[in-house]
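Hi,

Here is the structure I said I would pass on to you. Please have a look at it, and then read my notes below.

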Amino acid sequence: MLKVAIACALLFVAVSATPYRDCGSTAALTAVRVPGCNALPCIVYRGTNVTVEYDFTAVDPSNTLTTDVKGVISGATLPWPGQFPPACGDVKVGDCPVAVAEPITMATVLVLSPAFPSVNAKAIWTLRNDNDGPIVCFEVTVTLL
Ligand SMILES: *[C@@H]1O[C@H](CO)[C@@H](O)[C@H](O)[C@H]1NC(C)=O
């Protein structure tokens, strides 16, 4: 019985979600998962890679998906350093082209360079469609350690 309770607790931690602010998703965004982050700000470590996952249901079709991440540090909005590969390669559940009503889970690697400063920042994460429109937009505060 205790073993079951512990297993359930571990499972809950593993799948529990990260709080976020929606900043204009056109799709139905249902969950965001930053590993180990169940409360904001998310603590992330420079020199590591973090796989950010999120789930949404598309309301418009799109052939392409583009990840666009910005960081807000001391009021200044900057592109997140580094290149994101075409996001169709990050589709974990579902596929490209994205169809109307298709449930999608994304898993995108965020590279945290050791060269980044140790700061508090807000990450604005956008997934764009063929027309550059935001399919998904969410904001998460992070502390880079
Ligand atoms: C993070 O990902 C980048 C790009 O895929 C890779 O070059 C780098 O070695 C990775 N770093 C770590 C710490 O896994």
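Let me begin with the ligand: which residues are around it? They are T48, N49, V109 and V111. Two elements each give two or more residues to this shell, namely β4 (48–57) and β8 (103–112). By character, the shell around the ligand divides into two nonpolar and two polar residues, with no charged ones. Please keep in mind that this is a predicted model.

Now for the fold as a whole. The chain has one helix and 10 strands, and from the N terminus the order is α-β-β-β-β-β-β-β-β-β-β. Of its 145 residues, 24% count as buried. If you take the contacts between residues at least 6 apart in sequence, 65% of them join residues at least 24 apart.

Next, the interior. The largest nonpolar core has 26 residues, and Y54, V136, F138 and V140 are those with the most contacts inside it. The elements giving two or more residues to this core are β3 (42–44), β4, β8, β9 (120–128) and β10 (134–144). Of these, β10 gives the most, with six residues. Both β4 and β8 thus turn up in the core as well as in the shell around the ligand.

One residue you may like to click on is V136. Leaving aside residues up to four places away in sequence, V136 touches S25, A27, L29, Y54, F56, T126 and L127. Among these partners is Y54, itself one of the residues with the most contacts inside the core.

Happy to talk it over whenever suits you.

Best wishes

Definitions and conventions: Residues are numbered from 1 along each chain as its sequence is written. This is a predicted model: local features need pLDDT of at least 70, side-chain atom pairs count only at pLDDT 80 or more; totals for chains, interfaces and linings use all residues. Helices (H or I, at least four residues) and strands (E, at least two) are DSSP runs, numbered from the N terminus. A residue is buried if 20 or more other C-beta atoms lie within 10 Å of its own, exposed if 12 or fewer, and partly exposed in between; C-beta atoms are placed from the backbone. Two residues are in contact if their C-beta atoms, placed from the backbone, lie within 7 Å. A residue is near a molecule or strand if its C-beta atom, placed from the backbone, lies within 6 Å of it. Ala, Val, Leu, Ile, Met, Phe, Trp, Tyr, Cys and Pro count as nonpolar, Asp, Glu, Lys and Arg as charged, and the others, Gly among them, as polar. A nonpolar core is a set of buried Ala, Val, Leu, Ile, Met, Phe, Trp, Tyr and Cys residues joined through C-beta atoms within 7 Å.
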